[in-house]
Amino acid sequence: MIANHQQFLVSLAQLQELELALASVKSDASSPIAFTIQATSVQKEICRIRQEIEIDTYLGVADLPIFAAADEALLGNDSDRDREGGGPTLRARESTSD
């Protein structure tokens, strides 16, 4: 976890380098499949760093309701949509695809 502003800045620089690498992969990929294969490892590293260093926690926004709502929507766990007859959640789709 980030303990001070200097660590925060270093973490942002690391993420920026990875995001630039991802942009490079996108421009250099010979096909969409090649992009997916090459980009997956870079994207996983970006996600790992963001989660490990807890940027949102350091900034004090991790517990804001909007972040919880965004996470729910991204994960397909929107209970309002399910009550309104919306489609299955991500977890439900994953379990049925196995």
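Me: Happy to dig in! Which residue forms a salt bridge with Glu52?
Reply: This is a predicted model, where local features need pLDDT of at least 70 and side-chain atom pairs count only at pLDDT 80 or more, while totals for chains, interfaces and linings use all residues. Residues are numbered from 1 along each chain as its sequence is written, and side-chain values use heavy atoms, leaving out hydrogens and water. A salt bridge is a side-chain nitrogen of Lys or Arg within 4 Å of a carboxyl oxygen of Asp or Glu. With the closest N and O atoms 2.6 Å apart, the partner of Glu52 is Arg48.

Me: Glu52 and Arg48 are separated by about how much of helix 2?
Reply: Helices are DSSP runs (H or I, at least four residues), numbered from the N terminus. Because Glu52 and Arg48 lie four residues apart in helix 2, the separation is about one helical turn.

Me: Which residues are linked with Arg48 in a network of salt bridges?
Reply: Arg48 also forms a salt bridge with Glu45, again with the closest N and O atoms 2.6 Å apart. Those two are three residues apart in helix 2, so about one helical turn separates them. The network therefore joins Arg48 with Glu45, three residues away, and with Glu52.

Me: Is Arg48 buried, partly exposed or exposed?
Reply: Buried means under 20% relative accessible area, exposed over 50%, and partly exposed in between, using a 1.4 Å probe and protein chains only. Glu45 at 28% and Glu52 at 48% are both partly exposed. Arg48 has 36% relative accessibility, so this residue counts as partly exposed.

Me: How many salt bridges does the count come to?
Reply: Beyond the network, Arg50 pairs with Asp56, the closest N and O atoms being 3.6 Å apart. Arg50 is partly exposed at 39%, as is Asp56 at 26%. The count comes to three.

Me: Which elements give two or more residues to the largest nonpolar core?
Reply: A nonpolar core is a set of buried Ala, Val, Leu, Ile, Met, Phe, Trp, Tyr and Cys residues joined through side-chain atoms within 4.5 Å. The largest one has 12 residues, including Phe8, Leu22, Val42 and Ile55. Two or more of its residues come from each of helix 1 (5-28) and helix 2 (32-53).

Me: Setting aside neighbours within four places in sequence, which residues is Ile49 in contact with?
Reply: Ile49 is among the buried residues of helix 2, as are Ala34 and Ile46. The buried residues of that helix pack against helix 1 and helix 3 (55-59). With contact meaning heavy atoms within 4.5 Å, Ile49 meets Leu15 and Leu18.

Me: Where does helix 2 bend by about 35 degrees?
Reply: The bend at a residue is the angle between axes fitted to the seven residues ending there and the seven starting there. For helix 2, the site is Ala39.

Me: Which element of the protein chain has the lowest mean pLDDT?
Reply: pLDDT is the predictor's confidence in each residue, from 0 to 100, and the chain averages 76. Over residues 78-98 the pLDDT is below 50. Where pLDDT is low, predicted coordinates should not be read in detail. Helix 1 has the highest mean (93), and the lowest (41) belongs to helix 6.
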